[in-house]
Structure formats: structure tokens, C-alpha cells
Amino acid sequence: MTIYPGNPYPLGSFWDGKGVNFAVYSHNATAVELCLFNAPKGEKEVQRIKLTERSHDVWHIYVGDCKPGQVYGYRVYGPYEPSGGHRFNPSKVLMDPYARAMCSIEEWDDSLFGYEIGKDDLSKDERDNAGVAPKSIVIDHHFDWGDDRPPKVAYHNTVIYEMHVKGFTKLMPEIPEKIRGTYAALAHPTVIDYLKKLGVTAVELMPVHQSIAERHLVEKGLTNYWGYNTIGFFAPGIRFYSGDDSGGQVYEFKNMVKELHKAGIEVFLDVVYNHTAEGNQMGPTLCYRGIDNTEYYRLADDKRYYYDYTGTGNTLNARLPNVLALIMDSLRYWVQEMHVDGFRFDLAAALARELQDVNRLSAFFSIIYQDPVISQVKLIAEPWDVGEGGYQIGQFPPGWAEWNGKYRDCMRDYWRGADSVLAEFAERFTGSSDLYKEDNRNPTASINFITAHDGFTLNDLVSYNDRHNEANGEDNKDGSDDNHSWNCGTEGPTDDPNIIKLRGRQKRNFLATLLLSQGVPMLLAGDEMGHGQNGNNNAYCQDNEISWLNWEKRDRDLVQFASDVIALRRRHPVFSRKQWFKGRPVRSKGLTDIAWFKPDGSDMGDEDWNSGFAKSLGIFLYGGGLHTVDPLNNPMVDDSFYIIFNAHYEELEFVLPADQYGKKWNVVFDTAFPGVKKEYGAGARVKAWDRSMIVLQSKLQLPGQRVDVEH
């Protein structure tokens with residue numbers, strides 16, 4: 001191999017057809033060596049090359065005749081002074097922070113730690129770990145995208161489907177066994193056909209960045225199934241790859257995106273830029289810690305220790321220019337090279353912390369606003385972290401959407417019959433204007449969800465009062481004990497037909513409420529099938545049948561119900577408004593765009609909202625009050641809808657509004673009697689079962705205005 005000085009940019013390894021340029025950032029290093037290997041594990045490097053070129057703290061070299069598939073790592077020299085924050089240890093082979101493909105840890109070994117196991121972290125372990133260290137892989141960036149284009153689904157038309165790459169297809173019988181649980185499986189026609197029939201417009205993939213399963217989990221026979229333990233922010237996780245060749249996971253991921261885009265489905269990534277898999281001072285030395293600890297992590301006043309705003313042992317320091325560059329380069333790479341359409345930021349508040357406090361004017365937000373690539377995709381925040389003052393829901397700046405945890409808790413409380421939640425229920429159902437309107441954000445700032453990967457599934461939400469996490473090996477002490485759940489009368493599985501019916505009704509109530517609320521709905525994969533986890537509300541370590549969707553046992557009727565309600569939402573813009581409700585009369589009929597009624601048909605008054613026992617109401621949505629135009633500048637109108645909500649424990653009779661609201665009402669669905677269709681006139685009496693929801697539709701025809709239901 002011929003050696004040349006190379007260039008400091010781009011960081012990482014880049015093959016130009018003749019050789020590979022290697023570049024790595026380290027401010028405090030005194031020397032850096034590139035180590036080349038013939039295989040990912042089980043041997044010493046075949047060549048060790050000293051990087052003699054250093055430009056603005058970037059060490060670089062060009063190796064002629066080096067090709068894609070080359071396995072490599074770095075040894076970085078410098079002081080080993082943990083009390084001063086420095087943990088350089090050249091006996092440890094390190095991964096490239098900018099590597100586009102990585103190998104996984106095959107098995108944990110004491111030599112993966114920079115200190116001597118059994119002693120404190122001030123000690124230094126000088127055993128060479130080259131044979132067991134996870135390494136990086138040079139890739140070929142070329143891929144035939146054909147005519148691939150981002151679907152660019154409008155935010156108000158978006159329906160998100162949160163899924164785990166492996167769990168979604170691992171038990172799917174129509175998928176060839178060899179590719180189940182992989183990127184290739186998500187590109188399979190069977191999967192894409194299911195997603196299209198369900199009607200979702202975007203898949204939000206739980207972490208696909210290269211991650212590491214913690215040693216303590218592996219030694220218990222478990223793993224980090226969810227993957228919120230990233231080590232490589234540019235590398236698609238090899239655990240979801242169906243092949244054996246080095247670096248092929250990049251091609252397979254790209255092909256998955258390409259096939260989903262053909263179906264009009266966007267791809268969002270759940271990204272974890274708040275911490276890394278290296279943990280606290282007692283964690284392994286795999287990458288950042290050994291390359292330049294003080295230049296990547298937020299260190300405490302005693303620099304031996306780490307600030308931990310994430311509950312994982314460390315926090316990446318997004319105040320530092322090189323860390324900001326790492327995050328932005330990674331995001332840009334996934335958009336430009338991998339063609340993803342958006343991101344959900346795990347524990348996003350941790351990225352916005354300045355000295356200690358969360359700051360919406362932080363450098364992290366500023367640099368995203370200025371980026372012409374990242375600022376144009378969908379950006380979703382999990383608006384909290386575990387540090388003091390970390391709960392920041394409603395506080396992210398315009399341009400961001402947020403997981404609305406208040407929506408989740410309120411809807412759960414309402415349908416389990418909690419007192420004094422009716423007023424908040426109305427606020428959440430109409431887009432949570434109390435959280436987002438004052439900052440000139442739209443209803444689409446609210447990502448509504450009832451369940452997510454973290455917590456009970458929908459089936460378990462209506463089947464368990466308490467968590468049952470014994471399988472996690474932590475004596476059922478992990479996971480939240482604040483679930484806002486109700487088991488409908490008995491804990492866990494039952495043969496009682498009345499409880500089974502009630503649970504089915506509650507699942508339909510939750511699905512319908514979620515999918516017809518203003519904002520952007522997010523459905524957890526498997527909820528529409530009735531998937532349960534035996535009451536485990538923290539299945540992060542369960543790579544088995546607890547987490548995998550069981551396609552053979554799916555509730556086909558519930559799948560159809562979910563699909564029908566999604567189709568209803570997508571046909572009718574009244575359920576996915578671009579603007580907030582105004583609550584004032586519309587000229588054509590003098591009706592307000594939204595109206596609220598008591599079961600007896602009279603208007604809701606202030607005292608009715610504040611009544612602790614009130615659990616039932618009717619909501620009128622006026623199709624002539626959308627206050628918006630379509631892409632051709634035509635005023636948009638829709639049919640009107642009347643929605644009956646009854647979270648009371650007894651059947652109630654509702655009186656439909658007077659004929660100026662609608663002369664004829666057709667039942668679209670009744671969660672107590674799915675599939676039953678009825679017709680009512682204005683002022684008719686409608687019986688709503690206990691804990692049920694009824695949606696009625698009235699055709700609206702306004703002369704001279706265009707009815708646009710395919711918005």
C-alpha cells in the first residue's frame with residue numbers, strides 16, 4: 001500500500017475508487033495510529049500506520065489501494081489522567097466515530113475496558129484488545145437510487161407508525177426465514193402491502209444506529225433489544241442485516257428506504273445523540289472516551305466523573321463545536337446519503353442544555369435552523385430528559401414537533417374514568433393549543449400517542465393495573481409504576497366474556513380517539529393487532545416473543561378497525577386541520593367550526609367543564625369551517641361530524657343537535673357495535689354504551705365551494 005498525507009475532510013473513511021482517506025478528530029492526542037485488519041475479530045492488526053499529518057486537530061492519511069470492506073480501527077496516544085478527564089490508552093483499538101459501517105462486540109472481555117476490572121477507574125489496563133475490539137469498515141458509497149424522491153407527506157396528513165426493525169417481521173410467516181427481522185424484510189412486498197392497507201404514511205424506526213448491548217445484560221442472557229445505546233452515529237446497525245459481507249448493511253438499509261418510498265411511505269429514525277454506549281467512568285473504552293474524552297462528554301467539576309442527564313452514565317457535550325459538527329454531519333448524512341425523511345430525538349432536552357439548564361436558544365437549535373438540509377425534514381423531540389428541569393413539553397421552538405406526553409396521560413385517564421379530566425380532554429383532542437399556539441406553532445406540533453415502545457402496549461394498557469417486569473431480571477423494580485392504566489376488572493388474561501368485550505371496546509376507543517384528534521397521530525406497531533407483552537412495560541432487554549409481533553395471533557378485526565379509522569382521517573380534513581379552531585361563527589351558516597354539547601343536547605357551560613364527575617360529551621366538527629385552501633387555492637370544505645364520547649360506567653342517551661348542524665346523521669362507527677350502521681335525524685336520541693364512542697357524519701353541500709376529501 002502506498003501512503004500519502006491525505007485530507008482532513010471528510011471525517012471518517014472515504015473510498016474514491018483508488019484508495020481510502022482516513023480522518024479522525026482529537027484535540028488532546030499526542031499521536032494516532034491507523035490499524036488495518038483482515039477480519040473483524042480474532043487477530044492482531046496486519047498493519048499499523050502512524051498518522052503524521054494533523055490539520056486543525058484532525059489527524060489524516062490516505063492509503064492507496066485500500067478498498068471497501070477493509071476493517072480498521074485507531075490507537076490514540078495521550079495522557080491517562082482520569083482525574084483530569086483524560087483516558088487515552090493506546091493498548092485499546094478504537095472505533096471511528098464517523099465510520100459508515102461497524103462490527104459488533106462478539107463477546108465481552110475485560111480488555112475492552114481502559115482500567116483494570118476489579119480495581120477503580122484510576123488504574124490502567126494495558127492489555128491489548130485488538131482481537132476482541134469492535135471495529136470499523138470502509139464502505140462503497142455508491143448506490144443506484146434510480147428516481148427515488150422523498151414522499152414529502154404534509155405534516156397534517158402524516159400518520160406515524162413506530163416500529164422495531166426486528167420485532168415487526170421476526171415472526172412474519174410470509175417473509176423468507178433468512179431475512180426475517182432485517183432491513184431486507186421491511187423492504188419485502190408483504191410488509192409494504194400491509195403498511196399501505198393499514199394506511200400509515202411514515203414508519204418511525206426505533207434506533208438503527210450501531211449500538212452495543214451492555215455487559216451486565218449479556219451476562220444475564222439478555223440484550224439491549226431497543227438499541228438506545230448508540231456507539232456509531234453514521235453506521236446502520238449490523239444486527240438488522242441479513243447478509244454476511246462486511247459493510248453490506250449500508251446497501252440493504254438504502255434499498256429498504258427506496259422500496260418504502262416507492263409506496264409513498266416516509267422513513268423517520270429514532271436517534272440517540274444525547275449519550276453513547278460507553279457509560280460512566282466504569283464503562284468500556286470503545287471509541288470517544290479513548291479518542292478524546294474531554295472533547296466529547298460533559299464532565300463534572302471533578303473531571304473523573306460525567307454529568308448524567310440521560311440515566312445511562314454519560315451525556316454528550318453538545319456545547320462543543322466538534323460534537324455539534326458530529327451530530328449535524330450525522331443528520332445530514334442520513335438525509336443526503338440514506339434518504340431518510342425525518343428524525344425523532346431521544347431525550348432531546350439533554351441536547352439543548354447549556355451550562356446546566358435547558359435553553360431553547362441553544363447552539364443545537366441555532367445550527368439546525370441554519371442548515372439547509374436538516375431544517376427541511378421532519379424534526380420531532382422527546383421533550384424531556386432525566387435531569388433537573390428536564391421536562392420541557394411545549395417549550396421547543398417553531399419548526400419542531402414534540403411527543404405529547406400530556407396527551408398520552410390525559411387520554412388514558414379519561415377512558416379509565418378518572419374524575420376532573422373533561423376540560424383537559426377537550427384541549428388535548430383539539431391539538432393542545434395551551435402548549436403550542438402561543439409560539440405560532442400549528443396543531444401539527446403535537447405528536448399524539450396513547451402508547452409507545454416505552455410502557456404498556458395498548459392490549460396491556462387495558463389488561464393490567466401494574467407492571468409485570470420480572471423477566472427483566474431486576475425484581476420487577478424497573479419501568480414506570482405510573483401507567484394511568486385500568487385492567488377492566490381483573491389483572492391479566494381472563495375468560496370473563498364481559499371483561500373481554502370491555503377490553504375490546506376500550507382498545508377501539510383509544511385507537512379512534514388517537515386517530516381522530518387534531519395533531520399528528522403516532523401508532524405503536526402491534527397495537528392494531530392486539531399485541532401484548534404479558535404486562536411488561538419496559539421490554540428494552542427482551543429480544544424474544546415478549547417483544548416480537550405474533551402475526552398468527554393478530555386480531556384481524558382490530559386491524560381492520562384501525563385501517564378504517566385511518567382511512568376516515570385521511571379522507572376528511574376536518575380531522576387533520578392545518579390551523580387551530582377559531583370557535584367563532586362561519587358566515588355561510590353562522591355555525592362555529594367546533595361546538596360542545598352535553599348529553600341532553602344543550603351547550604356545554606363553564607360549570608360543566610369543571611364538574612368532577614362529568615365524563616361524557618358530544619363534539620360537533622363543522623366541515624364548512626376549515627379556514628384553509630387546497631394546493632390550488634380553492635377553499636376546502638368537508639362533511640360535518642358529531643362525535644359522542646361516553647367514558648361513564650353506565651349507558652347514556654345523547655340528543656343530537658338541531659337541524660342547522662345537520663339534518664341527517666349516519667353512524668360511521670360505534671366502538672360498542674363495530675360494523676353496525678344506523679341513520680338518525682336532527683334532535684334524535686342515540687344510546688351510547690358505557691365506555692364507548694360513536695362517530696356520526698352529515699353530508700355538507702355549500703354552493704360554489706369545492707368539496708375536497710382527498711386533501
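## The second largest pocket

In this predicted model, the second largest pocket encloses about 670 Å³, where a pocket is an open set of points on a 1 Å grid over the protein atoms alone, at which a 1.4 Å probe fits, with protein on both sides within 12 Å along at least five of seven lines, and a volume is the space filled by probe spheres set on the points, which are joined across faces, edges and corners. Its lining, meaning residues with an atom within 4 Å of a point, consists of 27 residues, and N459, S463, K507, G530 and G532 are the ones nearest the centre.

Helix α13 (497-516) and helix α12 (458-461) each give at least two residues to this lining, helices being DSSP runs of H or I of at least four residues and strands runs of E of at least two, numbered from the N terminus. The largest share, five residues, belongs to α13. Sorted by class, the lining of the second largest pocket holds nine nonpolar, ten polar and eight charged residues; Ala, Val, Leu, Ile, Met, Phe, Trp, Tyr, Cys and Pro count as nonpolar, Asp, Glu, Lys and Arg as charged, and the others, Gly among them, as polar.

## The largest pocket

The largest pocket has a volume of about 1200 Å³, and of its 46 lining residues W226, T310, G311, D454 and N538 are the closest to its centre. At least two lining residues come from each of α4 (215-218) and α9 (405-415), with α9 providing the largest share, three residues. This lining comprises 16 nonpolar, 18 polar and twelve charged residues.

## R75 and V93

R75 lies in strand β8 (residues 71-77) and counts as buried because its relative accessibility is 1%, the cut-off for buried being under 20% relative accessible area (1.4 Å probe, protein chains only). Its side chain makes a polar contact of 2.8 Å with that of E45, a polar contact being a pair of N or O atoms within 3.5 Å, one able to donate a hydrogen and the other to accept it, with residues adjacent in sequence counted only if both atoms are side-chain atoms. The R75 side chain also reaches the backbone oxygen of P90 at 3.0 Å.

V93, in the loop between β10 (86-87) and β11 (101-102), is likewise buried, with a relative accessible area of 1%. Beyond its neighbours within four places in sequence, V93 is in contact (heavy atoms within 4.5 Å) with residues including R75, F37, N129 and L286. The C-alpha atoms of V93 and K135, 42 residues apart in sequence, are 7.8 Å apart.

## Basis of the values

Residues are numbered from 1 along each chain as its sequence is written, and side-chain values use heavy atoms, without hydrogens or water. Because the model is predicted, local features need pLDDT of at least 70 and side-chain atom pairs count only at pLDDT 80 or more, whereas totals for chains, interfaces and linings use all residues.

Notes:
Buried means under 20% relative accessible area, exposed over 50%, partly exposed in between (1.4 Å probe, protein chains only).
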